[in-house]
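Colleague: I am new to this model and would be grateful for a close look at one part of it. Please take one helix as the centre of your account and explain how the rest relates to it.

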Amino acid sequence: MKNKRSVFQAFTMVIQFGLNMLVPIIMCTLFGVWLGEKFDIPAITVPLFLIGALAGFRNIFIMAKKIYQDDNKK
């Protein structure tokens, strides 16, 4: 039973990493598309996509750092 629990925890962590990366990228890109259409500057999408990607990497870095610190304490 313990093995199934660790597999479930690993699966949950993978899902969290994916969501922490994708949500900022998608939200910033959609915001960039909306701003581009509203103010007629479609080039704004690219910088906002990059900002979303950086935010996603930052989220993953912070999450991995917390996991690594928790493992060292145990």
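Taking the contacts in the protein chain between residues at least 6 apart in sequence, what percentage join residues at least 24 apart? With that as background, please concentrate on helix α1, residues 2-39.

Modeller: The share is 64% of the contacts between residues at least 6 apart, where a contact means heavy atoms within 4.5 Å. Please note that this is a predicted model, in which local features need pLDDT of at least 70 and side-chain atom pairs count only at pLDDT 80 or more, while totals for chains, interfaces and linings use all residues. Residues are numbered from 1 along each chain as its sequence is written, and side-chain values use heavy atoms, with hydrogens and water left out.

The setting of helix α1 is simple to describe. The protein chain has two helices and zero strands; these are DSSP runs numbered from the N terminus (H or I, at least four residues, for helices; E, at least two, for strands). Helix α1 covers residues 2-39, and helix α2 covers residues 45-73. The C-alpha trace spans about 55 × 25 × 10 Å along its principal axes. The radius of gyration of the chain is 17 Å, whereas a compact globule of 74 residues would have a value near 11 Å; the radius is taken over C-alpha atoms, and the globule rule is 2.2 Å times the number of residues to the power 0.38. Of the 74 residues, 16% are buried, a class defined by under 20% relative accessible area, with exposed meaning over 50% and partly exposed in between (1.4 Å probe, protein chains only).

Within helix α1, I25 offers a good starting point. I25 is classed as buried because its relative accessible area is 15%. Leaving aside neighbours within four places in sequence, I25 is in contact with F49, G52 and A53. The C-alpha atoms of I25 and G52 are separated by 4.1 Å, although the two residues are 27 apart along the chain. G52 also appears among the partners of C28, another residue of helix α1: beyond four places in sequence, C28 touches L48 and G52. The C-alpha atoms of C28 and L50 lie 8.5 Å apart, with their positions 22 residues apart in sequence.

Farther along helix α1, T29, G32 and V33 are touched by T45, again not counting residues up to four places away in sequence. T45 belongs to helix α2, and it is buried because its relative accessible area is 18%.

Other residues of helix α1 are open to the surface. M27, also in helix α1, counts as exposed because its relative accessibility is 56%. M27 joins F11, I15, L19 and V23 in a nonpolar surface patch of about 500 Å². A patch is made of residues with over 30% relative accessible area and no salt bridge, like charges being joined within 9 Å and nonpolar side chains (Val, Leu, Ile, Met, Phe, Trp, Tyr) within 5 Å. A salt bridge here is a side-chain nitrogen of Lys or Arg within 4 Å of a carboxyl oxygen of Asp or Glu. For the chain as a whole, the accessible surface comes to about 6200 Å², of which 72% belongs to carbon and sulfur atoms. Such areas come from the Shrake-Rupley method with a 1.4 Å probe, and for residues only the protein chains shown count as cover.

Helix α1 also holds an aromatic pair. The count of such pairs comes to one. F31 and W34 form this pair, which is stacked, at 5.9 Å centre to centre with 25° between the planes. Rings of Phe, Tyr and Trp (its six-membered ring) pair if their centres lie within 6.5 Å, and planes under 30 degrees apart are stacked, over 60 edge-to-face and the rest tilted. The two residues both lie in helix α1, three residues apart, about one turn of the helix. F31 is partly exposed because its relative accessible area is 43%, and W34 is partly exposed because its value is 46%.

Two comparisons with helix α2 concern pairs that lie apart in space. W34 and R58 are 24 residues apart in sequence and 24 Å apart, C-alpha to C-alpha. R58 sits in helix α2 and is exposed because its relative accessibility is 53%. E37 and I51, 14 residues apart in sequence, have C-alpha atoms 19 Å apart. I51 is in helix α2 and is partly exposed because its relative accessibility is 47%.

Finally, D40 lies in the loop between α1 and α2. Most residues other than glycine have a negative phi. D40 is not a glycine, yet its phi is positive, about 60°. D40 counts as exposed because its relative accessibility is 66%.
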